[in-house]
Structure formats: structure tokens, C-alpha cells
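Hi there,

Here is the structure I promised to pass on. Have a look at it first, and then read on for my notes.

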Amino acid sequence: MKIGVTDEGEISREISKVMKEENFVLVPTPASVIKERPDIIVHTAEIPFWESNLDPPRAWSTNTWMAINIARAGSKVGAVNVYPSTFMVYNGRKGFYLEHNTPNPLNYYGISKLAAETGIASLGNYLIMRVGALYSLSYDGVLKPFIKASFLGKRIKCSQDIYLSPISVYTFSSTLAKLIKKGIKGFVNVSGPRVSLYDFCVKITDLFGNDAESIKTPYLDLSLDDWLLRALGIKIDGREDFLKLLERKAIGET
């Protein structure tokens, strides 16, 4: 199987480690898709959360427009378009979001991802994953400031009123591989169990040896319901997932 990835970033590297028996090629443009003719395209290129909200035109250009154009080329060569989207297509008023719940993005990052979802889904032959709060020792996601501050030994302040469904980059990559191998299509939530931001911060501070302080903020529940993932025989254990971070720290990897 030939798998095209749209960048050479952290997620692409992790997927290639998990699926090392497959042939990976870089397809950063529609022309490269036509040339390489991959069986599957994983849209790994994106402008991260923080940058997207500061620079909406750049986010639209990459997260939305580029993704759709590459997907159109993929559709021409018969490739399955695999698009990692985000829990931020929701506004956090409800929580435990199901795949069919109506999106209402919280920020521009969510808007750019939702627009890409719509364009890619309209082509058919797709797997769109709404992914929980991704994290690693280096991943540039919503949890990065807390992990970075904790790594530097700082006391971190974390809300007890914000709920997320964190999932490590390592577990996400292995889950994506399982979904591809099973031939799953459509929309699937890919996330760990629901947890408060404060409880996640406590785990981080236990890892690095500093302290977390609980603070009050407006209530926000951006957790995802993983019932469909479990129905497909894939269950993500939050504790086991976090231990992967500990293993990477122990061997000095990101």
C-alpha cells in the first residue's frame, strides 16, 4: 500500500513508525498526488491551533484550501482521503460530542478545519477523524503551554472547569493505522477519556516534578464521545496513553 503524507512533521513521522511496512511518499501538492498516485492520503500538513487563530489567512490557505485541492487530486487517482480534524469544530457548551452533532466552531482553527471537512466529504471516499486534544512533549497543540511550562519547572495554573479528551500523538498514530487497515470510512471521533484540564495538568506535574494550581474559569466541555471507535474494537486507555509520554521522556525522545 502506498500512503501519501502532506508534510514531514511529527504526526507523519509517528504514522510511518507505526506503519513501517507500508510505502510512504510525500505529496505536498496536487501535482505530486497525480505523479505518485497513492492509495491513501493522510492530510498531516496544517497550521497549528495557536498560529491559526493569530493568522487566519494562513490557516485558511493550508488547513482548508490546500487540503481540499490535494483531496480533489486524490479523488482523481482513486485515493482515500484521511483528514485529521479537531474537537474544536464544537463550541464546548454540551460535551461528549457525537459524530453527528452539529458543529459550531469555537475559534478560527476550528472554522478552517470544519470547512476542509465539508469539502473533503463532498468528494466521497474519505475518513475524517475528529481528534481530541493532541499532545506530546513537542506537539504544538492546545496543551503545549502547560507541558512546556511544567517541563521548565514552573507552577502551572489549570482550569477545573474545562474538559477535554486528550490523546497522545503516539496513540493517535496507532489508532489511525488501525482505522486504515480496517478500511473504515466516514466520520470517527478519535480521542481519549474525558478529563478536566486540571486533572491532566496534575499528571503532567507528577511527570516533571512541579506543581499545578486549580483555578476557576467559565465552564467549557469539549470532550468527544468515542462510542463509535469502541464499536470498531478500538479502546483508548487514558492512563496507558499517558505512560507513552513517560516512556518518551525516559529515553529522551519527543
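To start with a small puzzle: which residue in β13 does Tyr163 stand opposite? Tyr163 faces Asp221 there. Please keep in mind as you read that this is a predicted model.

The pairing behind that puzzle is between strand β8 (residues 162-164) and β13, which run in the parallel sense over 2 bridges. They belong to an open sheet of 3 strands, ordered β11-β8-β13, in which the pairing is mixed. At the edges sit β11 (195-196) and β13 (220-221), each pairing on one side only.

Just along the chain is a residue I would like you to look at, Ser223. You will find Ser223 in the loop between β13 and α9 (227-231). With a relative accessible area of 0%, Ser223 is buried. A polar atom of the Ser223 side chain lies 2.8 Å from the backbone nitrogen of Phe96. Beyond its neighbours within four places in sequence, Ser223 is in contact with Gly95, Phe96, Tyr97, Tyr163, Leu164, Ser165 and Arg194. Tyr163, from the opening puzzle, is thus one of the residues that Ser223 touches.

Now for the overall picture. The protein has 10 helices and 13 strands, and its C-alpha trace spans about 50 × 40 × 35 Å along the principal axes. Its radius of gyration is 18 Å, which agrees with the value near 18 Å for a compact globule of 254 residues. Buried residues account for 53% of those 254 residues. Among contacts with a separation of 6 or more, 79% are between residues 24 or more positions apart.

The interior is worth a slow look. The largest nonpolar core has 59 residues, and Val42, Val82, Met129, Leu143 and Phe172 have the most contacts inside it. Helix α7 (residues 169-182) gives the most to this core, with 7 residues. Val82 makes a good starting point for exploring: leaving out residues up to four places away in sequence, Val82 touches Ile40, Ile41, Val42, His43, Leu127, Met129, Leu176 and Ile180. There is also a second, separate core of 8 residues, among them Val25, Val27, Val77 and Ala79.

Next, a strand to find on screen. Of the 5 residues in strand β10 (residues 186-190), 4 are buried, so the rest of the structure largely encloses this strand. Strand β5 (residues 126-131) pairs with β10 in the parallel sense over 5 bridges, and Ile128 stands opposite Phe187 in β10.

Finally, the cysteines. How many disulfides does a search of the whole structure find? The search finds 1, and this disulfide joins Cys158 to Cys201, with the sulfurs 2.1 Å apart. The pair links distant parts of the chain, 43 residues apart: Cys158 is in strand β7 (residues 156-159) and Cys201 is in helix α8 (residues 197-208). The torsion about the S-S bond is about -90 degrees, so the disulfide is left-handed. Are its two ends buried or exposed? Cys158 is buried, at a relative accessible area of 1%, and Cys201 is buried too, at 0%.

That is what I have found so far. Do write back with any questions once you have had a look around.

Best wishes

Notes:
Residues numbered from 1 in each chain as written. Predicted model: local features only at pLDDT ≥ 70, side-chain atom pairs only at ≥ 80, totals over all residues. Heavy atoms only, no water. Buried < 20%, exposed > 50% of the residue type's maximum accessible area, 1.4 Å probe, protein only. Pairing = 2+ DSSP bridges. Disulfide = S-S within 2.5 Å. Core = buried A, V, L, I, M, F, W, Y, C linked by side-chain atoms within 4.5 Å. Contact = heavy atoms within 4.5 Å. Polar contact = N/O pair within 3.5 Å; in protein donor to acceptor, adjacent residues only side chain to side chain. Rg over C-alpha atoms; globule rule 2.2 N^0.38 Å.
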